[in-house]
Each structure stands twice: as C-alpha cells, then as structure tokens.
Amino acid sequence: MKLSTGFLGTPYLLDVLADAGELDTVAALLLQTGYPSWGYMAVSGATTMWERWNSDVGDLSMNSYNHYAFGAVVGFFYRRLAGIAPAAPGFRRISVRPLWLPEVGAVSARYESCVGLIATRIDGDADGISCLELTVPANCTAELELPASFDWKEGGDDIAACAGLLSHGVDGNLARAELGSGQYLFTR
C-alpha cells in the first residue's frame, strides 16, 4: 500500500479511513517508512514535514521543508490517537474520543491551549484501551467517549463516584461522560 494523495486529500485520508473502520489500513499508513510516507521523511532525516513526498530528490530549490499539507497527520495524532479535539471554540469544551491502534501502541500528548494544559496518556492491549489519563484545564468541560464493552473505573472507583463527573451513561457501544476540570485516571 502506498500513499498517493496530494494537498487536498491528505488532511482527510486518515479520518475517513478510521471512520470507515479501516483501522488496519490507518495503522499501516502511519507506520510505513518506505517511499512515499510520513515515516520515509523521518528516516530520511526530516524534522518537519516536507511539501512533497519526495522532497529529498529532484529540484531541491522548489521544495518547502516545513509544509502543512502532509503535516496534517499531526492533527490526526492529536484528534484521534490522543483524543484531544475542540468541541467548542478555544477548547472550553474538549472532545476526548481516543482511537486505539494496537500496532501503534501507547500514546501520550500535551496541548497548551489558550485555556491551559490539556493532556492525555492512553494505553491498551489487543482488546482495546485499558487506561486513559486525562487533564482538563480549569473552567473547561471534557466530553469523554470510551468503549462501553468494559466496566470503567476512575481512580479505582466506580465512575459514578468521580468528583468531577457532570453526567455519564451508555449510548449504544459507547460509554459517555461529561467531566469538569481536573485530573482523571480511567481504567478497566
């Protein structure tokens, strides 16, 4: 499998594949290091995303070595793997819906938003997410979604006893919770 997307398709590619349930394809694209791929740039010594998949060959004066289009994969890492996305302008409401890819493994991210630090650390196994650490800044709310197939605990106790819990419930195959500011540790 090889990437052949350009500036218009690349920002949406991984999200569309994930939404369609093509998680093996998403993992394969993320972990690929052969040309053309994001990994190819990294193993070729890149510290930023190139304008072209092959910016290390051809007319080098016609390339940007710090270009957003292929760097859109970083947005996917934050939104989908780390589960940090805005649910309202300025991150006053945070959407926390981490996507677990066993091939990628544990993920952690920190984002210094205009309202404060938002952080997650996600770990799991072949069955899915097993642990989620979450930091929600002051005066913010997090909308959390986790698989409903597990009996989730927060800090070792039932979710209903969580001090920052504003609401919770199960909707189909998703356990949903609304959380106020604070630090949380969800485990199954």
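In what order do the five strands of the open sheet with mixed pairing stand? In this predicted model, the order is β1-β2-β6-β10-β9. The edge strands are β1 (85-86) and β9 (165-171), and each of them pairs on one side only.

A good place to begin a tour of this sheet is strand β6. Five of the seven residues of β6 (residues 141-147) are buried, so the strand is largely enclosed by the rest of the structure. Toward strand β2 (residues 93-96), β6 forms four bridges, and these two strands run parallel. Within that pairing, V96 stands opposite L144 of β6. Toward strand β10 (residues 174-179), β6 forms six bridges, this time with the strands antiparallel. Here P147 has L174 in β10 as its bridge partner. The pairing then continues from β10 to β9, again antiparallel and over six bridges. One of the positions to look up there is G169, whose bridge partner in β10 is R176.

A further open sheet is built from six strands in the order β3-β4-β5-β11-β7-β8, with antiparallel pairing. Its edges are taken by β3 (107-113) and β8 (157-158); each has a single partner strand, so one side of each is left without a neighbour in the sheet. Inside this order, strand β5 (residues 128-136) and strand β11 (residues 182-187) are joined in the antiparallel sense by six bridges. T135 stands opposite Q183 of β11, which gives a handy pair of residues for locating this pairing in the viewer.

The helices come next. How do helix α1 (residues 10-19) and helix α5 (residues 73-81) pack? Their axes are 8 Å apart and make an angle of about 40 degrees. Since angles under 35 degrees count as roughly parallel and those from 65 to 115 as roughly perpendicular, α1 is therefore oblique to α5. On the α1 side, the contact involves L14, D15, A18 and D19, which meet V73, F76, R79 and R80 in α5. Sorted by class, this contact holds four nonpolar and four charged residues, with no polar ones. The choice of positions on a helix can be read against its geometry: an α-helix has 3.6 residues a turn, so residues three or four places apart point the same way.

Helix α2 (residues 23-31) also belongs to this picture. Its buried residues are T25, V26, A27, L29 and L30. The cover over these buried residues includes α1, α3 (38-43) and α5.

Aromatic side chains offer another way to follow the fold, as the structure holds six aromatic pairs. In one of them, the ring centres of Y40 and W50 lie 6.2 Å apart and the ring planes meet at 85 degrees, so this pair is edge-to-face. Y40 belongs to helix α3, while W50 sits in the loop between α3 and α4 (68-71), so the pair ties together parts that are ten residues apart in sequence. Both Y40 and W50 are buried. An aromatic pair is also formed by F150 and W152, with 5.8 Å from centre to centre and 85 degrees between the planes, making it edge-to-face. W152 is buried, with a relative accessible area of 3%. Finally, ring pairs link Y35, Y40 and W50 into a cluster.

Key: Residues numbered from 1 in each chain as written. Predicted model: local features only at pLDDT ≥ 70, side-chain atom pairs only at ≥ 80, totals over all residues. Heavy atoms only, no water. Buried < 20%, exposed > 50% of the residue type's maximum accessible area, 1.4 Å probe, protein only. Pairing = 2+ DSSP bridges. Axes fitted to C-alpha atoms, helices over the stretch in contact; angles between N-to-C directions. Parallel < 35°, antiparallel > 145°, perpendicular 65-115°, else oblique. Contact = heavy atoms within 4.5 Å. Nonpolar A, V, L, I, M, F, W, Y, C, P; charged D, E, K, R; others polar. Phe/Tyr/Trp six-rings, centres within 6.5 Å; stacked < 30°, edge-to-face > 60°.
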